[in-house]
Structures are given as C-alpha cells and as structure tokens.
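I'm opening my notebook on a new protein today. The plan is to look things up one by one and jot down what I find.

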Amino acid sequence: MTPPTTSDLAVPANATSPRPFKGRGSDFSDYDFSGQDLSGADFRFANLTRAKFKNATLVGADFSFANVADVTFEEADLTNANLLFITLEGVNLAGATLQGAKMSFTGAAQPRPRQAERLTLTTVLQEPLWGRGIGSILG
C-alpha cells in the first residue's frame with residue numbers, strides 16, 4: 001500500500017472535520033505524519049516502525065496491536081487514544097498528551113540488576129513465606 005498523501009487526509013468542502021484515516025494493517029514504517037490531524041485514525045495492526053507523529057493530533061486514534069517500535073510521538077496529542085497491546089520499544093513520548101488514553105504495553109522489559117543482600121535472620125524473617133513458617137515454629 002502506498003503512503004497517504006495530503007489529499008487523502010484533506011477535508012471535503014462541505015465537512016466540518018477531517019474524515020478518519022483508515023490505515024488498519026498497513027505498513028507505514030518510516031513514514032512522516034508530523035503536524036497532521038489524524039483524529040479518529042485507525043492504525044490497528046499497522047506497522048509504524050520509525051514513523052514520526054511529531055506535533056500530530058491523534059485524538060481518539062486507535063493504535064491497538066500496532067508495532068510502534070522507535071516511533072516519535074513528541075508533542076503529539078494522544079487524548080483518548082487506544083494504545084492497548086502495542087510494542088513500545090524506543091518510543092519517544094516527550095511532551096505528548098496522554099489524557100484519557102487506554103494503555104497496555106508489550107515488549108522486552110529491561111531487567112534491573114539486583115544487588116546482593118546479606119543473608120541474616122532478619123532478612124529471612126522479612127520474606128512473607130519464610131517469616132510465617134519460622135514464626136509459627138518459634139512462636
């Protein structure tokens with residue numbers, strides 16, 4: 001599928017708002033949507049890898065199950081957007097408005113290294129399972 005053009009997003013003369021953009025399941029990797037009003041857009045299941053939405057209006061847009069790895073949403077308005085089950089790796093949300101957005105993310109989590117702690121009776125007793133077990137034996 002070819003990327004949308006300005007005429008694809010244009011407002012008809014008799015309309016008061018743009019018609020919702022339909023991009024479901026499409027490949028928009030590396031596309032630049034910066035500054036565009038894509039309110040109500042349908043990007044479900046789309047590949048948006050490295051796409052740019054800087055200063056875009058995405059009110060009520062649906063990104064569920066989309067691949068948004070390395071996407072820029074800098075200063076974008078994502079009010080009431082659907083961001084359920086998206087891959088959120090390397091995404092720039094600096095200054096983005098997320099009020100009312102539905103969110104759940106998938107992707108590789110970066111584990112935090114655990115610091116080794118000294119094993120003492122106190123640290124063992126602070127663990128819920130061990131603390132109750134030893135407490136019931138001693139108590």
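**Entry 1: a phenylalanine to start with**

Where is the place of Phe45? I looked it up, and Phe45 sits in the segment before β1. I should write down right away that this is a predicted model. Next I checked the cover on Phe45: its relative accessibility is 45%, so it counts as partly exposed. I also looked at its backbone. Phe45 isn't a glycine, yet its phi is positive, about 60°. I made a note of that because most residues other than glycine have a negative phi.

**Entry 2: the patch**

Which residues make a nonpolar surface patch with Phe45? I found Phe65 and Phe85, and the patch made by the three comes to about 310 Å². Phe65 is in the segment before β1, and that strand covers 82–87. I get 44% for the relative accessible area of Phe65, so I put it down as partly exposed.

**Entry 3: the overall layout**

Time to zoom out. I count two helices and two strands in the protein. Reading from the N terminus, I get the order β-β-α-α. The protein has 139 residues, and 28% of them count as buried. Its exposed surface is about 9,000 Å², with 53% of that supplied by carbon and sulfur atoms. I also looked at contacts with a separation of 6 or more: residues 24 or more positions apart account for 4% of them.

**Entry 4: salt bridges**

How many salt bridges does the count come to? I get three. A reminder to myself: side chains of opposite charge can pair when their charged atoms come close.

I took Arg50 and Asp30 to begin with. Their side chains meet in a salt bridge, at 2.7 Å from N to O. Both residues lie in the segment before β1, 20 residues apart, and the pair links distant parts of the chain. Are these partners buried or exposed? Neither label fits: Arg50 has a relative accessible area of 39%, so it is partly exposed, and Asp30 at 47% is partly exposed as well.

Then I moved to Asp42, which forms a salt bridge with Arg44; the closest N and O atoms are 2.7 Å apart. Asp42 has a relative accessible area of 11%, and buried means under 20%, so I call Asp42 buried. Arg44 is at 25%, so it goes down as partly exposed.

Which other residue forms a salt bridge with Arg44? It's Asp62, with 3.6 Å between the closest N and O atoms. Asp62 and Arg44 are both in the segment before β1, so their pair ties together parts that are 18 residues apart in sequence. Asp62 has a relative accessible area of 18%, so it is buried too. Putting the pieces together, I see Asp42, Arg44 and Asp62 linked in a network of salt bridges.

**Entry 5: back to Asp30**

I went back to Asp30 for its backbone. What is the phi of Asp30? It's positive, about 70°, although Asp30 is not a glycine. So I now have this note for Asp30 and a similar one for Phe45. Asp30 lies in the segment before β1.

Technical notes
Residues numbered from 1 in each chain as written. Predicted model: local features only at pLDDT ≥ 70, side-chain atom pairs only at ≥ 80, totals over all residues. Heavy atoms only, no water. Patch = residues over 30% accessible without salt bridge, like charges linked within 9 Å, V, L, I, M, F, W, Y side chains within 5 Å. Areas by Shrake-Rupley, 256 points an atom, 1.4 Å probe, with all protein chains shown as cover. Salt bridge = Lys/Arg side-chain N within 4 Å of Asp/Glu carboxyl O. Helix = DSSP H or I, 4+ residues; strand = E, 2+ residues; numbered from the N terminus. Buried < 20%, exposed > 50% of the residue type's maximum accessible area, 1.4 Å probe, protein only. Contact = heavy atoms within 4.5 Å.
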